[in-house]
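These entries record what I looked up in this structure. I began with a single residue and went on to domains and then to backbone geometry.

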There are 2 protein chains.
Amino acid sequence: MANVTIKILAKELGLSTAAISKALHDSHEISVATKQRVLALAKELNYIPNPYASSLRHRKSNTLAVVLPDVTDSFFSEAINGIESVAIEKDFHVLLYLTHERAQREEAILKEFQSGRVDGILMSISSETTNFDSISGIFSKNMPIVFFDRICEQINTAKIITDDFESSYIATSHLIEQGCEKITFLSNSDSLLITKNRKEGALKACCENGIEKTFLHLMLDCYANKFDYEKMEELLTSEQRPDGIICCIEKFTPNVYTVCRELGLSIPKDIKILSFSNLNAAGILNPSLTTITQPAFEMGKVAATILIKSIQKKSFHLIDETIILPSTLHTRESTRLWIND
Amino acid sequence: MANVTIKILAKELGLSTAAISKALHDSHEISVATKQRVLALAKELNYIPNPYASSLRHRKSNTLAVVLPDVTDSFFSEAINGIESVAIEKDFHVLLYLTHERAQREEAILKEFQSGRVDGILMSISSETTNFDSISGIFSKNMPIVFFDRICEQINTAKIITDDFESSYIATSHLIEQGCEKITFLSNSDSLLITKNRKEGALKACCENGIEKTFLHLMLDCYANKFDYEKMEELLTSEQRPDGIICCIEKFTPNVYTVCRELGLSIPKDIKILSFSNLNAAGILNPSLTTITQPAFEMGKVAATILIKSIQKKSFHLIDETIILPSTLHTRESTRLWIND
């Protein structure tokens, strides 16, 4: 854009650029009369300070990076809304980076931040990430990072999560109450802490009810919109066919429904399904879907609030704390108790 | 971040910052020996040029702004994926701004770009936007803008849309073939060109079949997750109760399903519903939803490609052209012909 720059102001007024800059910053080195001339012309020509020049001076960009796996997931899109609600209030800009569940891509993205493009990072790690060197490398250079949802335990900073263990325990207990005896936990990772917690919660409920031997953890790839139909079909036609499925991520659900339908399995008669999900349409699915709904908006909001506070207030330091916001179980038709005629 | 700066290099080597900068840029004013000393130390200390210093020099930020109403809408989230796929390839950063359908917010966002924070803008305007002064103001200052989906006709630049008129005409013809005689078009705007085109397409199909007199355009607010249940209920209990509804935006659909259910109206027996939607779960709704699916990813991709090309190639200018990518009608249970027993 052909903006009015300090150079143009300097040329117009026959002053040095340094003098213009000092005048604009109300320096005592510049006379009141000159300041008035500079300000008048700046106003007349609609001079707007270049944000990058300002970033250089203050070493602040007023920009956050949000790094997450997938914007089409309803949890993450709601979390972005929460982050954005704080950013707009605090006059911060939001750079969005998507890892698409790839550790390599995540690493490349983090590398970009070494140069000081952003003041801080809000992050939910990819399902592939097992090496945290890139993250700890940039964190050790005093780049503030706040994790949400998919956190990295190894980094001593603020982490915003939901009660994954408890909500999974409660949801699984519900499945068992509804008659399930063979439960399969479906996830896209065996390394993410969030997945481990959810799995452990489910397993605890199974153990308490003596059905831990039939508990199964099935890992499925979930890149873009691909889904491993074959593996799912294999499970549902095997002798170990579960009578209850917990989808650890929302994206699995439409696919699981479809495979059940194709195999002639009735939900909830033959198999009950519940999902961690923020899907708006959960209540109008066929059958309506029992969900564990995370406080997505709130999690994004809290994460952004803490991060921005740490950027703006020198006295406020990010400490190694985990903030847990509760999820809610919404029981619906997909896990209804089935009484045979 | 406590990065290694030119100042630090200068101090370490007993040189001026200007000399360091020149050495790093391979200036002929600096001796080969000095250049080697500077480069060696820069490498040793892992010096990374500040991107904002680089932006200042080149007047390029390698940053795009994406301005759109709502990230939780599946069309927009898929479009972001398309934009991001190009940005990552071309080494561009993506700033995300959400208008939440508010013209005032959109205006405030655009004001931010006057300062040269971004090299170009990808935009889908809010449902409230009727005054285009802010947009044309910034466009006239040589800020490249490419519109997608919800375009602004008044600005002479590239616009990426789908065949709104035709796809709506085809979908409405389908509704009529399935037996509908009283069709209501549900939208959140009466000013957006996209809405007008879709409405006109629907009306044409009604006219051709002599049912234009019962055609209704109902406007409902759709901010955040609010929905005007009362207005919807009023319509569905009135004498003009439609037997076919076209949802111009996806967000309406779960609400329309819910109101129908509450009023005891059966879909598709009493009322048929179709929606412009990219919802993954459309096929497993109760009943499965007939959709007009836009090429969201492709639209984002094409828009970003053109914008970046215009930024990078001096010989390539954005011209007033409209690129139309086709949508697809997926007929499902919600519009099935109902034959009374």
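**Entry 1. A helix residue.** I asked whether A:Ala171 is buried or exposed. In this predicted model, A:Ala171 has 26 C-beta neighbours inside 10 Å. I therefore entered A:Ala171 as buried, since 20 or more such neighbours meet the cut-off. I located A:Ala171 in helix α8 of chain A, which covers residues 164-177. I then listed the contacts of A:Ala171, leaving aside residues up to four places away in sequence: A:Ile246, A:Leu274, A:Ile292 and A:Leu329. I also looked up the pair A:Ala171 and A:His330, which are 159 residues apart in sequence, with 9.1 Å from C-alpha to C-alpha.

**Entry 2. Domains of chain A.** I noted the domain assignment of chain A: domain 1 takes 6-49, domain 2 takes 60-162 + 296-325, and domain 3 takes 164-295 + 329-335. For domain 2 and domain 3 of chain A, I read a separation of 28 Å between the C-alpha centres. How many residues of each are in contact? I found 19 residues of domain 2 of chain A touching 19 residues of domain 3 of chain A. On the domain 2 side, I recorded α5 (74-90), β5 (159-162) and α12 (296-312) of chain A as the elements that give two or more residues. The largest share of that side, 4 residues, is from α12(A). By residue class, I divided the domain 2 side into 7 nonpolar, 5 polar and 7 charged residues.

**Entry 3. Positive phi.** I looked up A:Asn142, which is not a glycine and yet has a positive phi of about 70°. I placed A:Asn142 in the loop between α7 (133-139) and β4 (145-148) of chain A. A:Asn142 has 9 C-beta neighbours inside 10 Å and so counts as exposed, the cut-off being 12 or fewer. In chain B, I read a positive phi of about 70° for B:Asn142, again a residue that is not a glycine. I found B:Asn142 in the loop between α7 (133-140) and β4 (145-148) of chain B. I entered B:Asn142 as exposed because 9 other C-beta atoms lie within 10 Å.

**Entry 4. Cis peptide bonds.** Which residues does the cis peptide bond at A:Pro268 join? I recorded A:Ile267 to A:Pro268, with omega near 5°. A:Pro268 sits in the loop between α11 (252-262) and β9 (272-276) of chain A. In chain B, I recorded a cis bond from B:Asn286 to B:Pro287, with omega near 0°. I placed B:Pro287 in the loop that runs between β9 (272-276) and β10 (290-293) of chain B.

Conventions
Residues numbered from 1 in each chain as written. Chains lettered and ligands numbered in written order. Predicted model: local features only at pLDDT ≥ 70, side-chain atom pairs only at ≥ 80, totals over all residues. Contact = placed C-beta atoms within 7 Å. Domains from an automatic or database assignment. Nonpolar A, V, L, I, M, F, W, Y, C, P; charged D, E, K, R; others polar.
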